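Biologist: Please bring up the model. I have some questions about its fold.

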Amino acid sequence: MTGDERLPRLVVVHDRATATEETVALVELVRSLVAGGAVRVEVLLHAGGPLREEIEQLAPTTVVTELEKTSRAAVVERVCFRLRLRRAGYKRRSRRLGFDIWGPGDAVYLHTILGVQALRYLPDRAPLVLCRMAKDIYPLRHPLRRGDLAKLLERVDRFLPVGAAGEATLRTEHRVAPARIEQIPELIVARDHRLADRTAERERLRHDLGIAPDALVVGSFGAFESDAPDLGVLLWSMLSRRLPAGRRVEMLWWYQQTGAGFWMNHDLESTGLAAHTHAIPVREEIGPYLELCDVLVLLTRESDYPYGFLECAAQGVPVLCFEVNELAALAALGDARHVAPYLDLASLADELCRLIGDGALAEDGRAMRDAVARVYGPEAYGGRLLEVVRAGSGAGT
Amino acid sequence: MSGGRASPRLVVVARDASPTQENRALLAVVRSLVAIGDAEVTVVLQKGGALVDEMASITATVVAADLSRWAPAAVFERLIGRMGFRALAGRVRGHRLGLGRLGRGDAVYLHTVMVVQALRYLPRAVPVLCRVPESVYPLRQPLSSTDVRLLVDRVTRFLTVTSAGVDDLVAVHGVAPERVVRMREAVVAPVAGDRPAEGPALRTRLGFGDEAVVVGIFGDAAVEIHPPCLPLAVAIRRHPDSDAVVLLLVVPEHTAGPWARHDIEYAGLADRVAIVELVGSPPAYLDVCDVVVHAWWGADQPLAYLEAAAAGIPLVCSEGHELAELVGDDEGGYVCPRLDLPAMAAGVVALAAQPVERREKGAVAAARAAARYAPTDAAGRLWQQVLEVRVCMPS
């Protein structure tokens with residue numbers, strides 16, 4: 001291991017170095033932590049992938065699946081596992097990874113709960129373990145075996161859920177003490193060249209939907225039972241009348257096939273708005289449609305896909321919503337006018353029209369991107385992470 | 001014609017004879033059908049109600065719920081029903097209701113899909129017309145899937161009140177378009193002295209002051225989980241001259257749930273909006289309304305609004321909606337640009353400020369509703385459909 005040995009050690013654990021949004025964000029987090037110089041960063045990956053080299057250039061990196069297999073220690077470890085002496089096997093593995101000796105202030109950070117295996121290589125008491133819980137439909141109901149779940153609940157000192165749902169799941173379903181839970185803002189990084197270029201797919205989808213290349217796409221997503229998808233038709237109707245002549249605007253509306261969905265479709269047809277509205281049933285995956293949007297208008301009480309919306313915002317897509325929506329604070333960072341009083345559809349229509357009409361979209365998009373970087377970027381996330389580490393290990397007190 | 005009778009028979013089947021405006025309109029339609037004189041009209045009601053005697057004074061009326069339980073035929077019907085011979089029991093029930101001897105030249109008209117049960121008592125040869133009223137879900141009313149299937153299989157022609165009903169039948173249930181006809185509703189004005197004026201007491205109960213101008217919004221088929229009329233309430237509150245305006249939301253029972261109440265509280269509308277669940281007939285609530293506003297699209301013949309117009313209450317609605325026909329060039333209220341909430345709010349506030357204008361516009365709306373939705377015309381249209389389906393039935 002390299003680096004200033006006097007600094008506390010922070011081992012960042014991730015499952016694999018595949019080129020995904022989550023892993024790209026992790027790379028930027030590592031870069032930011034290394035640049036900050038407050039900790040000695042190491043990375044443990046369960047498997048490699050296209051981003052491995054970049055991670056290795058930033059910090060000492062170990063890929064578990066590529067540990068050498070013929071040394072004496074490796075053979076002994078395998079023998080232990082074959083003899084079902086698992087505890088002894090993990091102890092050997094721990095020693096090989098340098099996970100057997102920890103100093104004060106050292107910590108392990110699991111970027112995803114799928115890094116749970118690393119917990120078996122750690123001593124029982126030290127170091128401090130933190131685990132991010134990504135926003136998911138069912139937090140902690142990932143494809144985890146019961147044993148892995150138990151290990152997480154037993155060994156993690158601080159869970160870092162990125163949303164209220166994760167916090168609630170931990171508290172109510174898993175009886176985790178509130179002191180062990182610290183909700184933090186999600187880590188978001190804008191898509192770049194490291195991820196597969198999706199331009200062709202985007203253009204194909206646009207073409208399939210019949211959206212002209214020069215048309216602006218306004219997306220409205222979120223259609224669960226507590227939502228009000230039928231407000232969309234009122235908004236579209238007011239917007240269509242306010243638009244400057246010659247401005248082509250298409251609407252994407254993601255809907256649930258309930259009675260409300262039936263009537264929304266009927267209303268769109270009856271009011272002549274259907275020709276420029278693309279109704280996407282909820283069974284479709286939301287991601288590709290989000291990528292088409294130039295503006296997002298959330299008419300729901302809650303954000304059903306905050307991670308997806310955040311990624312959009314990180315790309316410079318302004319978000320408009322009611323003040324009740326959990327993304328209102330973020331939307332307001334882009335521009336305070338993007339947040340309307342609850343149910344004030346006319347205000348939203350006016351603001352949407354301003355954005356579309358006077359060329360403010362590019363400027364507001366930049367502001368949105370900067371705001372996401374400030375609040376959800378690697379520096380912000382890394383700073384918060386280190387605060388939790390210091391608080392947890394007593395170094396900050 | 002069947003069995004050598006001089007006139008064909010037309011059997012009108014309805015749920016009950018409770019004193020709603022919808023049933024009063026049916027009464028008027030039946031009266032007109034009898035007056036046309038081309039058919040022997042009989043009425044079968046599942047249950048009775050205050051209008052039974054009036055119906056019976058017009059034509060032969062059978063109330064299924066009042067049939068003797070101990071007549072030999074009734075006992076026989078129950079016996080074979082218990083033995084599992086449901087089809088046979090249905091035929092016996094059909095005879096008891098006077099439906100058994102119907103033939104190809106006769107016809108049955110179901111006034112609502114909710115009387116689907118009658119189809120089980122009918123001979124196969126008789127053509128059936130079925131009105132599909134405005135509802136939360138056309139054909140998705142509280143009917144079992146078996147009943148929906150029976151309707152789709154057995155009804156010769158659906159007479160749907162809304163274009164959404166046509167969409168539902170054709171696109172969702174696969175009914176051939178030629179079996180679906182969109183029909184204009186029959187609406188009657190409330191008769192003065194027909195029932196005690198409930199307005200003042202109801203106003204007090206709802207907490208509306210004497211000075212308040214009450215704007216009614218009636219949940220029709222489009223009002224699902226979230227009444228879209230609340231954004232209108234927000235737009236009205238934003239209007240500088242709207243202090244006297246209060247909104248009365250009358251919504252179907254299941255929509256007045258916690259989310260609707262949450263939204264009213266959250267949007268700060270608690271002092272402006274009263275929300276009540278629809279129990280009983282709308283006119284009781286119409287009595288307290290000075291104006292009604294249709295703030296969304298939804299069904300194109302929303303019955304509560306047609307009844308409001310018939311009762312002389314001015315309307316605010318969107319251009320292009322069927323209700324706009326009653327308003328005309330702002331004579332019966334205000335027609336606003338399509339679903340434009342600030343424009344609707346301005347229309348409501350303008351009507352609220354002018355009681356004389358309100359009355360004048362209300363009178364125009366009433367006259368137009370009486371002309372457009374006259375039961376005599378509705379009876380003529382229905383009879384035309386009867387003639388068509390009788391011709392269409394295979395011999």
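Biologist: In chain B, what share of the contacts with a separation of 6 or more comes from residues 24 or more positions apart?

Modeller: This is a predicted model, where local features need pLDDT of at least 70, side-chain atom pairs count only at pLDDT 80 or more, and totals for chains, interfaces and linings use all residues. Residues are numbered from 1 along each chain as its sequence is written, while chains are lettered from A and ligands numbered from 1 in the order in which they are written. A contact means two C-beta atoms, placed from the backbone, within 7 Å. For residues 24 or more positions apart in chain B, the share is 70%.

Biologist: How many Å separate the centres of domain 1 and domain 2 of chain B?

Modeller: The bounds come from an automatic or database domain assignment. Domain 1 of chain B covers 9-186 + 374-392, and domain 2 covers 199-372. Taken over C-alpha atoms, their centres are separated by 32 Å.

Biologist: Which strands stand at the edges of the open sheet in chain A?

Modeller: Strands are DSSP runs of E, at least two residues, and helices are runs of H or I, at least four, numbered from the N terminus. Two strands pair if DSSP finds at least two bridges between them. The six strands run E9-E8-E7-E10-E11-E12 in chain A, with parallel pairing. Each edge strand has a single partner, so one side is left without a neighbour in the sheet: these are E9 (277-281) and E12 (339-340) of chain A.

Biologist: Which residue in E8(A) stands opposite Gly219(A)?

Modeller: Strand E7 (residues 216-220) and strand E8 (residues 249-255) of chain A pair in the parallel sense over five bridges. Opposite Gly219(A), in E8(A), stands Leu252(A).
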